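User: I am new to this kind of structure and would like to learn how to read it feature by feature. Could you take me through it slowly?

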Amino acid sequence: MFPFACVATLTFALASLPPAAALIVPGHHNPGAAVVPSWTQFLRAHNDARSAVGLPPVTWNWTLELDAMQYANKLRVPCKLSPMRWTTDGVYGRNLYWASGHHSAAHAVAAWVGERRWYDHRANACAPGKTTCGEYTQVVWNTTRELGCGRRTCQNGLDTVAVCDYFPPGNYVGVLPY
Ligand SMILES: *[C@@H]1O[C@H](CO)[C@@H](O)[C@H](O)[C@H]1NC(C)=O
Ligand SMILES: *[C@@H]1O[C@H](CO)[C@@H](O)[C@H](O)[C@H]1NC(C)=O
């Protein structure tokens, strides 16, 4: 899928379950747009992967989008998959993406969802020797309801970073995503 690109991804595991939270669903749209906007690409790709395993869709949240955008704005400077200390760590789940070259939001989510082939649902673990299927499990975390993401070209003008925030967060150790 990415013949010329080097791709790297990173997610965050959480130690314990958070308290229940009330959720409100935002809505916005962009009728007649010739180019599918990034937020729509992010949202559709997540909900396609979720419906494939029988999960309800997530909705777009502008608060999460702003947070993810700010994270991506920092990440684009070193242009590396180096997690930063962030005020919403632990409050939101978070997936990170870096790839050489220019890539769409849909490509970033495809890289995360592509980890599905390494995810063993019965064992709730990545395949032996594969340490990265956690981005996929965050995408298909049943109780996650809201999504906000940002994609930026790196400061070098060449490469791409993307960040998605998830609420409520997933990837609790020892808990099945779905
Ligand atoms: C978006 O998420 C924030 C943070 O979790 C939450 O406080 C807010 O109510 C949500 N907004 C909408 C419109 O759902
Ligand atoms: C998701 O969670 C709900 C509520 O706990 C449950 O009823 C449903 O079966 C779950 N869906 C999947 C696919 O695990």
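**Reading the fold**

Analyst: Contacts between distant parts of the sequence are a good place to begin: residues 24 or more positions apart account for 77% of the contacts in the chain with a separation of 6 or more, where two residues are in contact if their C-beta atoms, placed from the backbone, lie within 7 Å. This is a predicted model, in which local features need pLDDT of at least 70 and side-chain atom pairs count only at pLDDT 80 or more, while totals for chains, interfaces and linings use all residues. Residues are numbered from 1 along each chain as its sequence is written, and chains are lettered from A and ligands numbered from 1 in the order in which they are written.

User: Which helices and strands make up the secondary structure of the chain, and in what pattern along the sequence?

Analyst: Helices (H or I, at least four residues) and strands (E, at least two) are DSSP runs, numbered from the N terminus. Here the chain has four helices and seven strands, and read along the sequence they follow the pattern β-α-β-α-β-α-β-β-α-β-β.

User: How is a residue judged buried or exposed?

Analyst: A residue is buried if 20 or more other C-beta atoms lie within 10 Å of its own, exposed if 12 or fewer, and partly exposed in between, with C-beta atoms placed from the backbone. By that count, 39% of the 178 residues of the chain are buried. Ala-108, found in helix 3, is buried, with 29 other C-beta atoms within 10 Å, whereas Val-77, in the loop between helix 2 and strand 3, is exposed, with 12.

User: What can the length of helix 2 and its buried residues tell me?

Analyst: The expected span of a helix is 1.5 Å times one less than its number of residues. For helix 2 (residues 62-75), 14 residues should span 20 Å, and the end C-alpha atoms are 19 Å apart, which agrees. The buried residues of helix 2 are Leu-64, Glu-65, Asp-67, Ala-68, Tyr-71, Ala-72 and Leu-75. Seen down the axis of helix 2, these buried residues fall within an arc of 165 degrees, so they line one face of the helix; the arc is that of the directions from the helix axis to the C-beta atoms. The general idea is that an α-helix has 3.6 residues a turn, so residues three or four places apart point the same way. Among what covers the buried residues of helix 2 are helix 1 (38-52), strand 2 (59-60), strand 6 (146-153) and strand 7 (160-167).

User: What do the buried residues of helix 1 pack against?

Analyst: Helix 1 has 15 residues and reaches 21 Å from its first C-alpha to its last, close to the 21 Å expected. Its buried residues, Gln-41, Phe-42, Leu-43, Ala-45, His-46 and Arg-50, pack against strand 2, helix 3, helix 4, strand 6 and strand 7.

User: Which residues touch the most other members of the largest nonpolar core?

Analyst: A nonpolar core is a set of buried Ala, Val, Leu, Ile, Met, Phe, Trp, Tyr and Cys residues joined through C-beta atoms within 7 Å. Of the 35 residues in the largest one, Phe-42, Tyr-97, Leu-147, Cys-149, Val-161, Ala-162 and Val-163 touch the most other members. Strand 7 gives the most to this core, with six residues. Leaving aside neighbours within four places in sequence, the contacts of Leu-147 include Phe-42, Leu-64 and Tyr-166.

User: Which backbone features should I look at around Cys-79, Asn-171 and Pro-168?

Analyst: Backbone angles deserve a separate look. Cys-79 has a positive phi of about 55 degrees although it is not a glycine, and Cys-79 is partly exposed, with 19 other C-beta atoms within 10 Å. Asn-171, in the segment after strand 7, also is not a glycine and has a positive phi of about 65 degrees; Asn-171 is buried, with 20 other C-beta atoms within 10 Å. A cis peptide bond joins Phe-167 and Pro-168, with omega about -15 degrees.

User: Which residues surround ligand 2?

Analyst: A residue is near a molecule if its C-beta atom, placed from the backbone, lies within 6 Å of it. Ligand 2 is surrounded by Gly-54, Leu-55, Asn-142 and Tyr-178. Gly-54, just after helix 1, takes a positive phi of about 80 degrees.
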